[in-house]
Amino acid sequence: MNANTVRVEWDAIGISASLVCLLHCLGLPFLIAALPAFASVLPGSEATHQILAIGLVIPAALAALPGYCLHRRLAPLLLIVGGVAQIGFAAFVAHAMFGEEWEMPVTVAGSLCLVIGHLLNRSFCLRCPECSTGRACEARPA
């Protein structure tokens with residue numbers, strides 16, 4: 001397994017985590033509305049959102065930083081960093097500052113940014129001849 005394989009897998013994990021976050025945000029209200037008896041045991045608390053937000057940081061960093069070092073493409077890096085920032089803001093700040101109604105749209109926007117950023121990063125890795133050789137960030141001159 002070379003460095004590129006690890007990077008591409010981190011993009012896949014990042015995409016998956018972002019999609020889970022997106023599905024959680026979009027699907028949970030419908031699930032709660034359909035199953036009010038189970039609303040108290042569903043993962044929808046503020047702590048759950050904060051744990052999910054923290055969990056997104058690792059695959060985002062492990063995919064975006066090496067991807068940027070190799071490809072020097074700013075768009076995936078900005079989308080991933082922006083998505084993490086939006087989700088972090090929603091999980092830790094928006095609820096307290098602006099109320100619950102801001103939390104979901106900010107989180108959904110952040111999740112979409114993360115998914116698009118990871119997909120872009122992955123597409124650059126899959127088309128890059130240097131990635132197939134497993135060259136590290138140091139291999140690319142600044």
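**Getting to know a five-helix chain**

Trainee: I see that G82 has a relative accessible area of 26%. Does that make G82 buried, partly exposed or exposed?

Mentor: Keep in mind that this is a predicted model. Buried means under 20% and exposed means over 50%. With 26%, G82 falls in between, so the class for G82 is partly exposed.

Trainee: Which helix holds G82, and how far in space is G82 from S111?

Mentor: G82 sits in helix α3. Along the sequence, G82 and S111 are 29 residues apart. Going from C-alpha to C-alpha, the distance between G82 and S111 is 9.7 Å.

Trainee: Let's step back to the whole chain. How many helices and how many strands does the chain have?

Mentor: Start at the N terminus and read off the elements: they run α-α-α-α-α. The secondary structure therefore comes to zero strands, and the helix count is five.

Trainee: And what share of the chain's residues is buried?

Mentor: First the outside: the chain exposes about 7,800 Å², with carbon and sulfur atoms supplying 74% of that. Now the inside: there are 142 residues in the chain, and the buried share is 34%.

Trainee: Which percentage of the contacts with a separation of 6 or more links residues 24 or more positions apart?

Mentor: A12 and V115 give a feel for such separations, as they are 103 residues apart along the chain while their C-alpha atoms are separated by 9.5 Å. Across the chain, residues 24 or more positions apart account for a share of 80%.

Trainee: Since you mention A12, where does A12 lie, and what is its relative accessibility?

Mentor: A12 lies in helix α1. A12 counts as partly exposed, because its relative accessibility is 27%.

Trainee: What about S18, is it buried or exposed?

Mentor: S18 is also a residue of helix α1, which covers residues 3–34. Its relative accessibility is 1%, and the limit for buried is under 20%. So S18 is buried.

Trainee: Which residue offers its backbone oxygen to the side chain of S18?

Mentor: Take the wider surroundings of S18 to begin with: leaving out residues up to four places away in sequence, S18 touches L56, S111, L114, V115 and H118. Then look at a polar atom of the S18 side chain, which has a backbone oxygen 2.8 Å away. That oxygen belongs to G14.

Trainee: On to α2. Where is its kink centred?

Mentor: Helix α2 spans residues 46–71, and its 26 residues reach 37 Å from first C-alpha to last, close to the 38 Å expected. Several residues in α2 are buried, including H49, L56, P59 and H71. The kink in α2 is about 30°, and its centre is A60.

Trainee: Which residue just after α2 has a positive phi?

Mentor: Look in the loop between α2 and α3. The residue there has a phi of about 55° although it is not a glycine. It counts as partly exposed because its relative accessibility is 32%, and its name is R72.

Trainee: How does α3 compare with a straight helix, and how big is its kink?

Mentor: With 25 residues, a straight helix would span 36 Å, yet α3 spans only 31 Å between its end C-alpha atoms. Among the buried residues of α3 are P76, I80, I87 and A90. A90 is also where the kink is centred, and the kink comes to about 50°.

Trainee: Which residue with a positive phi follows α3?

Mentor: Follow the chain past the end of α3 and check phi there. The value is near 100°, and the residue is G99.

Trainee: Last topic, the rings. What kind of aromatic pair do F89 and F98 form?

Mentor: The chain has two aromatic pairs. For F89 and F98, the rings are 6.1 Å centre to centre, with 45° between the planes. Under 30 degrees would count as stacked and over 60 as edge-to-face, so this pair is tilted.

Trainee: And which residue pairs with F98 to complete the cluster with F89?

Mentor: F89 is partly exposed at 32%, and F98 is partly exposed at 39%. In the other pair of F98, the ring centres are 5.6 Å apart and the planes stand at 45°, so that pair is tilted too. The partner counts as partly exposed at 46%, and the residue that forms one aromatic cluster with F89 and F98 is W102.

Notes:
Residues numbered from 1 in each chain as written. Predicted model: local features only at pLDDT ≥ 70, side-chain atom pairs only at ≥ 80, totals over all residues. Heavy atoms only, no water. Helix = DSSP H or I, 4+ residues; strand = E, 2+ residues; numbered from the N terminus. Expected span 1.5 Å × (residues − 1). Bend = angle between axes of the 7 residues up to and from the residue. Buried < 20%, exposed > 50% of the residue type's maximum accessible area, 1.4 Å probe, protein only. Polar contact = N/O pair within 3.5 Å; in protein donor to acceptor, adjacent residues only side chain to side chain. Contact = heavy atoms within 4.5 Å. Phe/Tyr/Trp six-rings, centres within 6.5 Å; stacked < 30°, edge-to-face > 60°. Areas by Shrake-Rupley, 256 points an atom, 1.4 Å probe, with all protein chains shown as cover.
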